[in-house]
Amino acid sequence: MGRATTLRAGAALVAAATFVGSGAYVSAHPKNDAAPLQPPAQTQVVLVIPTSRGAATPSPIPRATRSPRITLAPGVKATELPGITYTHVS
Amino acid sequence: MERRRFESLGSECELYAIGTDADALAAAESWTRRMHDRLTRFEPRSEVSRFNASGGRWVAVSLELAALLRESLRAFEVSDGLVNVAVLPALLATGYTRDFDAGPTAATDPPPVPALPEVLQLRPGEARLAGGAAIDLGGIAKGWLADRLAEQLAENALANLGGDLFARGGGETGEGWPVGFGGKTLLLKDMGAATSGTTKRAWPGGHHIIDPRSGLPAKSDLREVSVLASTAIDAEIYAKVALLLGSRDAPKWLEGRSQGWWLT
């Protein structure tokens, strides 16, 4: 009884605490599907350049980056505070 | 400040209000759920489904559906036909025939999308939809309901129905309700916001934003557009138009109509 039981009980306690703790962490950090990518995602265009033998070789040259653009009328104020809610695709 | 979150209209809904109590928010949630039951196209007994199946007859419509049909006709005019609730047959042809979580069905050739004023007529208390036509109120309903909820809740309230929102009054500080918009936080006061995009309700080879010009899922170089406007329903209309127009023409169209936009 003594030591072996204590070890088993300890292991069970650690497993239970890990389960509860990870569940609480996941619940407190929900994924925000609509959050903009940071830094803004860039579009990578892969050009296909014919070689001298006529075969096509992909050349990974990043081009044509397009950043998200925000335009606001003069009367619209921004703040450093976090939003209580947000607009998003649904 | 009172707040309440719940699932309805196929989305997450949030209500915030200052100067009212929790019972008012609970009543607002109940009203939203009743409106969902009435306006969903996924329930054959809903008012919208029965209207879609009315086969060209004049039928009595509720005050809310009548108001939404009027707004749908206005949206068609404002958007030069780009926002057209009569896209439902084309949307069904893409395979979006049932609740999104159940997955798409096989796609078929899309029928042409009729001009809404040619298939929808209104008179006091009644409406008529041409046989074969069908409507999906979708985002129009969310925007309109968000406007109504903020109006009913309190002079200082915010209603967000799946991203279509209206902020009434100045929030806790009086300067505006802090709302996430395009990676920033804006202070919105008596203003609506909405986002349209192809990044959700999408599946391999399709998504739910139909371009009425082709009857097919929109082919835009924009993935998401967020827009500010004086109401949530106008923000919803403007966001969809901008998405369909694409990055070259959207800013020109939004200028003079919208108080702000974010294109990506």
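Helix 6 of chain B covers residues 138-153, so 16 residues in all, where helices (H or I, at least four residues) and strands (E, at least two) are DSSP runs numbered from the N terminus. From first C-alpha to last it reaches 23 Å, close to the expected 22 Å; the expected span is 1.5 Å times one less than the number of residues. This is a predicted model, in which local features need pLDDT of at least 70 and side-chain atom pairs count only at pLDDT 80 or more, while totals for chains, interfaces and linings use all residues. Residues are numbered from 1 along each chain as its sequence is written, and chains are lettered from A and ligands numbered from 1 in the order in which they are written.

**Helix 6 of chain B**
- Of the 16 residues in helix 6 of chain B, 14 are buried (20 or more other C-beta atoms within 10 Å of the residue's own; exposed means 12 or fewer, partly exposed in between; C-beta atoms are placed from the backbone).
- Gln152(B) lies in this helix and is partly exposed because 16 other C-beta atoms lie within 10 Å.
- Gln152(B) and Glu29(B) are 123 residues apart along the chain, and their C-alpha atoms are separated by 12 Å.

**Nonpolar core**
- The largest nonpolar core (buried Ala, Val, Leu, Ile, Met, Phe, Trp, Tyr and Cys residues joined through C-beta atoms within 7 Å) has 85 residues.
- Helix 7 of chain B, residues 232-245, gives the largest share of this core, 11 residues.
- Ala159(B), Ala193(B), Val227(B) and Ala242(B) have the most contacts inside the core.
- Leaving aside neighbours within four places in sequence, Ala159(B) is in contact (C-beta atoms, placed from the backbone, within 7 Å) with residues including Leu15(B), Ala146(B) and Phe166(B).

**Where chains A and B meet**
- On chain B, 38 residues are in contact with 23 residues of chain A.
- By class, this side of chain B has 16 nonpolar, 17 polar and five charged residues (Ala, Val, Leu, Ile, Met, Phe, Trp, Tyr, Cys and Pro count as nonpolar, Asp, Glu, Lys and Arg as charged, the others, Gly among them, as polar).
- Strand 3 of chain A (residues 69-72) and strand 16 of chain B run antiparallel and are joined by four bridges; strands pair if DSSP finds at least two bridges between them.
- Ile70(A) stands opposite Trp262(B) of strand 16.

**Glu172(B)**
- Glu172(B) sits in the loop between strand 7 (164-168) and strand 8 (177-181) of chain B.
- Glu172(B) counts as partly exposed because it has 14 C-beta neighbours inside 10 Å.
- Not counting residues up to four places away in sequence, Glu172(B) touches Met1(B) and Ile18(B).

Methods. Two residues are in contact if their C-beta atoms, placed from the backbone, lie within 7 Å.
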